[in-house]
Amino acid sequence: MLTLDAAVAGYAAPVSPAATFSVARGEVVGLAGPNGSGKSTLLKAILGSARLFSGRIERAPDTRIGYLSQQPVRLPEVPISGRELLATLGADRMTPPARLAEKLDARIDRLSGGEYQLLMLWATLAGEGELILLDEPTNNLDAGHIQIAIDEIAAARPRRATLVVSHDRMFLDAVCMRVIEWGTAHG
Amino acid sequence: MDSLFVVPFFAGLTLALLLPLVGNLLRLRDEWLATLGLAHLAGAGALAGTALYLSNFIGALAGALAGAGAKQASGGRSNSGYGLMILAGWALTLLIAANTALGEALAHALIDGQLYFAGLRELIIDGILLVCALPALKWLAPRLIAARFFPERERANAMPTWRWHLGFDLLAALAIAAGTATFGLMASFALIFVPPWIAFRRAPDWRRAQWLAAGLGVAGHCLAFWLALTFDQPFGPVLVVVFVIAFAMSTFWRRPAGADFRGR
């Protein structure tokens, strides 16, 4: 569903090393590496938000993308409930995890950091994308929420191709079928 | 109510319902300042239209659409750009007023906010706008909300975003032009700014924010209309004072029960 061939991504100048790997439907692939190594930039290049300096990035035709940003947009004051936000994305048809379901009628600006992150992760997983890109999905999550994230990514796996960027090695080992060590970027 | 005031009352009522709904989405997009810029350009356009022997409504519409077009052409949102709109609109309004006889009177009406000049033409136009805008807003809102929280999604999936971003910009420009031509500049801005501000602070969800903002707009309009007639005051400033007081009162309003989960 996604193929990268010697893809070098950046903005004004290249940021990431050349990446060659693929992600098929039913796979969860992780990218692990230090901060500043260009992992998020590579995701942005897949989205079309960062520049591809060389190589190629190919998506299967008509593949819809779901993307969780490393820093999801969070507004200081907005009267939208979690349930309403999910509805705008068509992500309200699946049953959410219990810990999230009990918060769905609250205003999203009144959720804790971890609750908000879980909501945004769920919105990405429950949405319409066949290719899911997750950038640091465990930010702000406690151990309980991280386990929920692992369970839900695993549950979504059969119908999706998932690429996960994270510095949390234990999380990557728990959720990914293979992990690419950033720096070698072959997989 | 004297029959002389029935048409202006209902012309204003349609916009008192619509402008806060538009204002909610503008506030979501952090573009409420844009409305002041567009209102100033609409005001300048109205005067220019009058000077060119066109209706002030058409002139206001042209001014607001020009502002919306400039915003689109510049690639999006910028407070500096909106500031420039405010300055340009203000300067043009007063220059045209200073150089045309009718312009001076109309400039005062636009800036002071005198609803009573609104006639059957404004009522019909405002009514048609309301009827068309309500279903449009219902279609636009979920797309604009999704775009606000997941901005990369549109580009990544090559979505035809112009349909809702440009569509909303045009709708907002139309509503502001209608408001400026009907209510005057600052009264329109007050309707777009204050009810949504209160709704954003107090409503438990988006659906109720829409009801609250529209309800505040309608109630504020009715109260201001009555006060202005009773005490022989200009409508625009009375409306603004009503909303300022409403905002001050809202600060004492308890938050919706169960709405605050943070750490509790």
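## Where the two chains meet

Let's start at the boundary between chain B and chain A, where the rule finds zero salt bridges. Keep in mind that this is a predicted model. Which elements of chain B give two or more residues to the side that touches chain A? They are helix H6 (120-149), helix H7 (151-156), helix H9 (185-202) and helix H10 (206-230). Sorted by class, this side of chain B has 18 nonpolar residues, one polar residue and 11 charged residues.

How many residues take part on each chain? On chain B there are 30, and they are in contact with 36 residues of chain A. Together the two chains bury about 2700 Å², and 59% of that area is on carbon and sulfur atoms. Polar contacts are found here too: nine residue pairs are counted between chain B and chain A, with both residues at pLDDT 80 or more.

## Aromatic rings

Now for the rings. Searching the whole structure gives nine aromatic pairs over all chains. One pair joins Phe200(B) and Trp206(B): the ring centres are 6.0 Å apart and the planes stand at 75°, so this pair is edge-to-face. Since planes over 60 degrees apart count as edge-to-face, you can follow that label yourself from the angle of 75°.

Are Phe200(B) and Trp206(B) buried or exposed? Both Phe200(B) and Trp206(B) are buried.

## A cluster of Phe residues

Chain B also has an aromatic cluster to look for in the structure. Its members are Phe9(B), Phe10(B), Phe183(B), Phe225(B) and Phe235(B).

Terms used. Residues numbered from 1 in each chain as written. Chains lettered and ligands numbered in written order. Predicted model: local features only at pLDDT ≥ 70, side-chain atom pairs only at ≥ 80, totals over all residues. Heavy atoms only, no water. Contact = heavy atoms within 4.5 Å. Buried area = accessible area lost by both parts, 1.4 Å probe. Salt bridge = Lys/Arg side-chain N within 4 Å of Asp/Glu carboxyl O. Polar contact = N/O pair within 3.5 Å; in protein donor to acceptor, adjacent residues only side chain to side chain. Helix = DSSP H or I, 4+ residues; strand = E, 2+ residues; numbered from the N terminus. Nonpolar A, V, L, I, M, F, W, Y, C, P; charged D, E, K, R; others polar. Phe/Tyr/Trp six-rings, centres within 6.5 Å; stacked < 30°, edge-to-face > 60°. Buried < 20%, exposed > 50% of the residue type's maximum accessible area, 1.4 Å probe, protein only.
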